[in-house]
Amino acid sequence: MSMVQILERAKTHLLEAAIRAKPGARFDAAGYALKLADNLVDEVSEDLFEADFRAGAGRELDGKMRAAHSSAALVANTFARWRKSPSTLFLANVTGFSNLRFEVTFPTGLGGKPPHLDLVAYGPAPIAVESKCREYLRPKVPVFSRSYDTITDARRDSPWFGLIDLLRRDPVRYRYLDVAQLVKHALGLMRAPFIEDVTLLYLYWEPLNHADFAEFQSHRKEIASLQTMLNGARPLLRSATYAEMWEDWRKRSKEGCLQAHVDRLQDRYAVVI
């Protein structure tokens, strides 16, 4: 099966699940909800995240977020319920957060438009989340402008910085994992006052039958390879699938409302392609 076929099957089955999960929701032929509310799980409303996305540069609310396969919608559907009670969220084995924000940037200091982190959970041990739905199945060529060569502060000694030269010399080393994006996030986070405590969490979706496809296995191997290469450098890179995180929530919580939320997310996104 080609990459294009895998992408299309994922898109089709995520759309079918969205329609099953929310009877009455209307989507067009391209898989976009006619209104954003139709692409949200029950008990998640636009007011919980709209201001953050309006302030971001990704313009997700202008259309992309209405796609059944939207990564932004996946993040909002998963985390928006905690905007009013962030201290109860468990994320990467951390809890006690004081605030959650979507579409957050940490500029590198080099000018230009910095990449947007999908979510940042602030607290004594902050978690910065880069989320993926199907995007990693569309390989990207890493690009770093020559402005990165002007970095002369402590970041230059970090294994994260060393990846710039590696990717320039071997741009196809990582086919599925967008390492360049993660490096740019890391260089921005290194300028934050909480660099010693922050974790960069790479959170990604997979279909239930991911083991049947070499592409998903290669993606996992690339994540493990990068983590080994970084060797615990700050920000610390961790990874998890959405399915793993949702199951962790189910095991941790005895609250019926959280169990119901996990059920809704699994009904919406746990599909076979």
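The lining of the largest pocket mixes three kinds of residue: 19 are nonpolar, 13 polar and 15 charged. The model is predicted. Altogether, 47 residues line this pocket. Its volume is about 1200 Å³.

Which residues lie nearest the centre of the largest pocket? They are Glu60, Lys132, Glu135, Lys140 and Gln181. Now look at the elements around the pocket. Helix H3, residues 71-79, supplies at least two residues of the lining. So do strand S3, at 127-132, and helix H5, at 179-189.

Next, find Arg138. This residue sits in the loop between S3 and helix H4, which spans 159-169. Is Arg138 buried or exposed? The answer lies in between. Its relative accessibility is 48%, and exposed means over 50%, so Arg138 counts as partly exposed. Now compare its place with that of Glu16. Along the chain, Arg138 and Glu16 are 122 residues apart. In space, 22 Å separates their C-alpha atoms.

Turn now to a pair of helices. H1 covers residues 3-21, and H8 covers residues 256-269. The two pack with their axes 7 Å apart. The angle between them is about 135°. Angles over 145 degrees would count as roughly antiparallel, and 65 to 115 as roughly perpendicular. H1 and H8 are therefore oblique to each other.

Which residues meet where H1 packs on H8? From H1 come Leu14, Ala17, Ala18 and Ala21. From H8 come Asp267, Arg268 and Tyr269. Five residues of this contact are nonpolar, two are charged and none is polar.

Notes: Residues numbered from 1 in each chain as written. Predicted model: local features only at pLDDT ≥ 70, side-chain atom pairs only at ≥ 80, totals over all residues. Heavy atoms only, no water. 1 Å grid on protein atoms, 1.4 Å probe; cavity = no way out; pocket = protein on both sides within 12 Å on 5 of 7 lines; lining within 4 Å. Points joined across faces, edges and corners; volume = space filled by probe spheres on them. Helix = DSSP H or I, 4+ residues; strand = E, 2+ residues; numbered from the N terminus. Nonpolar A, V, L, I, M, F, W, Y, C, P; charged D, E, K, R; others polar. Buried < 20%, exposed > 50% of the residue type's maximum accessible area, 1.4 Å probe, protein only. Axes fitted to C-alpha atoms, helices over the stretch in contact; angles between N-to-C directions. Parallel < 35°, antiparallel > 145°, perpendicular 65-115°, else oblique. Contact = heavy atoms within 4.5 Å.
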